[in-house]
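This report describes selected local features of one protein model. Strand pairing comes first, followed by salt bridges and backbone geometry.

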Amino acid sequence: MAGKSNVYAAVAGYVGRTDQKGTVGIFSRQADTGRWEHVLTEHEAYTVNIHPTDPNVVFAGTADGVYRSTDRGRTFRRTNFPDKGIQIWSFLVDANDRKLIYAGGSPISIYRSEDGGETWRALSNPGMPDRAVMPFACRVMRMAQHPTHPGTIYAALEVNGVMRTTDGGESWSDCSADLIRLAQLPHLKSKIVSDTFNEGMLDGHAIAISPADPDKVIVAVRMGLFETSNAGKTWQDMEIGRFSPTTYGRDIKVSPQDGDTLYAALSVAAASKDGGVYRSTDKGATWRRFDKVQVHGTIMSVALHQTDPNQVFLGARYDGEIFGTEDGGQTWESLPLPSGVKDIYAVAVG
């Protein structure tokens, strides 16, 4: 594989298994060396994001707030983040003002930076109700911005459904009532560790909006992919099981170059040994298997290159598996993390 891009992985050790400890932090594979380096070592990391217009800037969401690199992932340092011990699970760079950046936390919280990620402030508590008692605090897993109304942002919550703001995060409304209605259908009920069968439909992992269809929002949850065209008042099952034998939705991304093209990470369950990346070229109406690899863990992340549509990477727990293509899916290369590094949560390329 040609060494054109850096690849990054966020690793959280042995998440959920308190009797075991593993390597944590951010790993960086620099294009000029082709070797993985452990560049952020002291905290669990749950997400890693490359700034869409400046690849020198890379954000890491950790168990202690936001870390940032300004040298293309060679080094990271903690930003001026106001709170200690807040887990950061997601980032969103504003499409119009590239210095305006949002971070999603656990417990449910939203932070905003107006200087490119150097300093942050906490926005008002979104005020979401607790719907499922889980062994972890609810997380803001992903955010997606409306292409023509930049103040409108949707957030996928694990485990609490979807919330929406129309004022840039100053206030939020709940978009989960219809997800709970769908959870009453027998095939969409799922209770694993909470006290409610609504758990599966509230188990939000990723959310996406395409500029090719700006009023359609797609959320990836445990039970599959679901879409809304009326700001979350009602949700429809996209019935991803028509195209994939595995339907646990962990990630969904819109191609930066083509709004008709979407990628989804679909696996068996949160803890599984199989899965695949599926691609749609018609805004989610139909899907086909895209990758040509066999993973041995749940696919947690799909990474798309900001300027090169041929570069697509995926990361799978539990064995530090990363695979990538630079020719649009024709060939794939394995880029495993160092031996023993487990629990990948996010991958980025750029």
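Strand 6 and strand 7 run antiparallel and are joined by two bridges. The model in which they occur is a predicted one. Within this pairing, Arg 68 has Arg 77 of strand 7 as its bridge partner. Both strands belong to an open sheet of four strands, ordered 4-5-6-7 and paired in antiparallel fashion. Strand 4 (45-50) and strand 7 form the edges of this sheet, each pairing on one side only.

**Salt bridges**

A search of the whole structure gives 23 salt bridges. Three of them are listed here with their N to O distances.

| Basic residue | Acidic residue | Distance, N to O |
|---|---|---|
| Arg 35 | Glu 37 | 3.9 Å |
| Arg 77 | Glu 118 | 2.7 Å |
| Arg 142 | Asp 251 | 3.6 Å |

The side chain of Arg 77, the residue that pairs with Arg 68 across the sheet, meets that of Glu 118 in a salt bridge at 2.7 Å. Arg 77 lies in strand 7, while Glu 118 is in the loop between strand 10 and strand 11 (121-122), so this contact ties together parts that are 41 residues apart in sequence. Arg 77 counts as partly exposed, with a relative accessibility of 44%. Glu 118 has a value of 19% and counts as buried, because the cut-off for buried is under 20% relative accessible area.

The salt bridge between Arg 142 and Asp 251 has an N to O distance of 3.6 Å. This pair also links distant parts of the chain: Arg 142 is in strand 12 (residues 139-145) and Asp 251 in strand 20 (residues 248-254), 109 residues apart. Both ends are buried: Arg 142 has a relative accessible area of 14%, and Asp 251 has a relative accessibility of 0%. Elsewhere, salt bridges with shared partners connect Arg 112, Glu 114, Arg 121 and Glu 170 in one network.

In the pair formed by Glu 37 and Arg 35, the side chains meet at 3.9 Å, N to O. Glu 37 is partly exposed at 37% relative accessibility.

**Backbone geometry**

Most residues other than glycine have a negative phi, and most peptide bonds are trans. Which loop positions depart from this pattern in phi, and which in omega?

Arg 72 has a positive phi, near 60 degrees. The residue sits in the loop between strand 6 (65-69) and strand 7 (77-78), the two strands joined by the antiparallel bridges described above. Arg 72 is partly exposed, its relative accessible area being 24%.

Lys 283 likewise has a positive phi near 60 degrees. Its loop runs between strand 22 (275-280) and strand 23 (288-289). With 30% relative accessibility, Lys 283 counts as partly exposed.

Turning to omega, the peptide bond joining Ser 106 and Pro 107 is cis, with a value of about -5 degrees. Pro 107 is located in the loop between strand 9 (101-106) and strand 10 (109-113). A cis peptide bond is also found from Arg 317 to Tyr 318, where omega is near 15 degrees. Tyr 318 is placed in the loop between strand 25 (312-316) and strand 26 (321-325).

Methods:
Residues are numbered from 1 along each chain as its sequence is written. This is a predicted model: local features need pLDDT of at least 70, side-chain atom pairs count only at pLDDT 80 or more; totals for chains, interfaces and linings use all residues. Side-chain values use heavy atoms; hydrogens and water are left out. Buried means under 20% relative accessible area, exposed over 50%, partly exposed in between (1.4 Å probe, protein chains only). A salt bridge is a side-chain nitrogen of Lys or Arg within 4 Å of a carboxyl oxygen of Asp or Glu. Two strands pair if DSSP finds at least two bridges between them.
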